[in-house]
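Student: Got a minute to go through a model with me? I'd like a quick tour.

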Amino acid sequence: MSFREQFEIPAKYKMWSMILMAVGLVSILIGYFLYGAGDEHQNARFWGVLLYNSVYFLLVVNAAMFFICATTLAMGGWQLSFRRVSEAISVAVIPIGIISFVILIALVLGHQHHIYHWLTPGDDKLILGKKAFLNPTFFIVWTVLTIAGWILLGARMRKISAELDERGPLTKEEGKRYVYKTTVWGSLYLVWFALTVASTVPWLWFMSIDAHWYSTMYSWYTFASSFVAGIALMTLFVIYLKNHGYLELVNQEHLHDLGKFMFAFSIFWTYLWFSQFMLIWYANIPEETVYFKHRVQGPYRGIFFLNLIINFLAPLLILMRRSSKRNYTLLVFMSVLILFGHWIDFYQMVIGSISKDHVELNLFDFGVAAGFIGLIMWSAGNALTKRSLVVKNHPFLKESIIHHT
Amino acid sequence: MASLRYESQVREPLVTGTKTYHDVTQDIVRPIEMKPSFLWKVGFTISVLLLLFGVYSVYREVVYGIGEWNLNKTIGWGWDITNFVWWVGIGHAGTLISAILLLFRQGWRTGVNRAAEAMTIFAVMCAGQFPIFHMGRVWMAFFVLPYPNTRGPLWVNFSSPLLWDVFAISTYFTVSLLFWYSGLLPDIATVRDRAREKWRKHMYGVLSFGWTGSTKHWQRHEALSLVLAGLSTPLVLSVHTIVSFDFATSVIPGWHTTIFPPYFVAGAIFSGFAMVQTLLIITRKVLNLEDYITMEHIEVMNKVIVLTGSIVGVAYITELFISWYGQNVYEMAAFQNRWDLSTPYGWSYWLMMGCNVLAPQFFWFRKLRRNLLFTFFMSIIVNVGMWFERFVIIVTSVYRDYIPSSWSTYYAPTIWEVGFYLGTFGLFFTCFFLFAKYFPVIAIAEIKHILKKNGESFKENMVEEERATPEKFAHEHAH
């Protein structure tokens, strides 16, 4: 058995990635003329759309590196048959990270106080009290450090993986040393991840939009949302490559496990959603319910329930069955649905806080999202051509070959 | 050929030495067939004495009332609920090991799952005592059961998390017991088949439910395990989630915070693994089971401890940060009552931080993860820390009420409060000693299941597969 190790980007793939990126660019331009040049509220919508789209897709592609590092620390062998796919997706953290950075900085330096009220606190005592955390300098410094940390540590992890291709088969001792080395860098990434995605960053970038409101669950909730979407994205790429005759070592067993991850983390997301919502609803303190008031009882009611239907009910009912996790078509459908569902979740987290009185979800939102999807395709596609699709010398690869779920 | 039993040579074996199937049976069943050792008798006696002291302490409380404890006007929950949460938390490792790690196909669970599941059951038994006796009029305990009754329209309060606790924990206990016992069946049958004495044959015969080891039995057994694992997985999360609701649904500053559910679950697993380490480090030594509960097992569990300890750490710091970020004076005051060392209970907060967040960070180092003495020491530290976590959450959040006139006097437990706690240790260890004497502490059948893949001597036969190129290997073995 020989492997097709070299990925060649199909012309159609390339064309679509370009078209989608073009759609994104055009949408931003049109959006700028429609909203960006308008009054403050329209301006806030323009920037809000850029904010939630860029951060959503950034966290989603970053989840691929989280997946790599978490499975490295857990010494998981099963995922090695598609390891290079996760790596390629994580490359997209670089362009999207830079774009997000530009958008975030533009928000702060452009004094977008309709999004970040804390930029102009006036004599608001609560916001003034938070000044040590909510101030432009800290925001910029922490954003730089966060994104640079993800990019650099991720690059390091990919480099360690690439080194394998240049070497021959590893002996037992070399294998142990290799595993040790990836574990060290993987844990550094995870620690940085815990300090950013699982705590500070969602507070800073998103929660501070409602500058008075707070919820300790917020960051873990954001993490769960982006992680399950990240798994869905990886599944899509794996199935695409598989359908084009690559990834010979991947079979239904691996897809079944990816399906289990999607199922399990959809439930986990729901668990965090419920815990946050129920506790706020139950205690019924106005300072806290202010966040959900217009989402549950106001204009966002439809989106509120849509969120639950797509991200909880659909995975629960559809992915529960064993056969549906082994069915390519259903998995593709569910992956797309989950990616869309959590995009909607991010939409309501950001836009629901910026524009509380009316819901505006139109081609502008979808166009910008399309641009990021094109960018991910372009970036991950290029990354896939750079290296062998099989991590041939990885000590655990053979476990993945005979993997049986 | 999907049935190839191969794993990378880079992984440490899970059964060391040159063991055959027969050796496995022999090694694990031997302690059951021998007379109890002197050490066992000493340990058992101490446990029973502790249990008796506990029974007397509870007797005082039942006869003279809650006044036997030092609970006071703002501290309505003290040691009792602290102990309750602590014991429930400990149980979680067993369920995680038996259910979630089964779904994750972690081979190392086979060495530790049986003892961990037993620990779960005993820990939940201990936990249950506290809310029951805290009722004061314990003979009314059946009031928590919702049934059409003769007390008029008097029903339990369905919107109270305390009632959800009743359901959650009784479900948890039932499923854990079923899981543990159905796993025991093949092993009990093994003990039965080896028995020489008549009474032993009879006793284990009854307990094994007529297990014959036929294919059909195995098939159903495996299916049942998976179903129970599927049921137990949400239970691992739900039980401590609901315990956290006991606090978080309230509007008490320090209790009402949305991160409580997942953070309680992480903390529960953290303390549970520490207790598994405490028990197994002793058990493997006393029963000579070092080949089955290897350093690899100890190390992996230490990894879980550093992971969950760090998750708990992120949660502590999140809580502390948000109490400031929220700029709510009551929240800030509640947290100052914790971190400020000049407050009466400030010391307990830092003890908790030291034991649960800082101390486990030593386990980033492989040498320390594989050091038995250090691991044992750490397992105690973590359990002390986790006890103080609950103490901090409960006592420091309620001892200063909204008006200083109702700030309580310093709360310290009476001897009977401590005695009740010690008594549950007695109960726990009495049960564990009996278990270790009469049941196989390691799942024999499951060890045999992984032996040819993870056993040291069998792994050595895999050298050829290890050397094969991925292409050749895939050609021969991929399915």
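Tutor: Sure, let's talk through the fold and then the chain contact; bear in mind that this is a predicted model.

Student: OK, how many helices and strands does chain B have?

Tutor: Chain B has 18 helices and 0 strands. Its radius of gyration is 24 Å and the globule rule gives 23 Å for 479 residues, so chain B is as compact as a globular protein of that length.

Student: And what box do the C-alpha atoms fill?

Tutor: Along the principal axes, the C-alpha atoms of chain B take up roughly 75 × 55 × 45 Å.

Student: What share of chain B is buried?

Tutor: Of its 479 residues, 57% are buried. As for contacts between residues at least 6 apart in sequence, 82% link residues at least 24 apart.

Student: Switching to the surface: how much of that belongs to carbon and sulfur atoms?

Tutor: Carbon and sulfur atoms hold 69% of an accessible surface of about 20200 Å² in chain B.

Student: Charges? How far apart are the mean positions of the positive and negative ones?

Tutor: They're 6 Å apart, with 38 positive and 33 negative charges in chain B.

Student: Now the contact with chain A. How many residues does each chain put in?

Tutor: Chain B gives 57 residues and chain A gives 61. Together the two chains bury about 4900 Å², with 68% of that on carbon and sulfur atoms.

Student: Which residues of chain B lose the most area there?

Tutor: That's B:Val10, B:Thr258 and B:Tyr325, which together account for 15% of what the chain B side buries against chain A.

Methods
Residues numbered from 1 in each chain as written. Chains lettered and ligands numbered in written order. Predicted model: local features only at pLDDT ≥ 70, side-chain atom pairs only at ≥ 80, totals over all residues. Heavy atoms only, no water. Helix = DSSP H or I, 4+ residues; strand = E, 2+ residues; numbered from the N terminus. Rg over C-alpha atoms; globule rule 2.2 N^0.38 Å. Buried < 20%, exposed > 50% of the residue type's maximum accessible area, 1.4 Å probe, protein only. Contact = heavy atoms within 4.5 Å. Areas by Shrake-Rupley, 256 points an atom, 1.4 Å probe, with all protein chains shown as cover. Lys, Arg positive; Asp, Glu negative; His and termini not counted. Charge placed at Lys NZ, Arg CZ, Asp CG, Glu CD. Buried area = accessible area lost by both parts, 1.4 Å probe.
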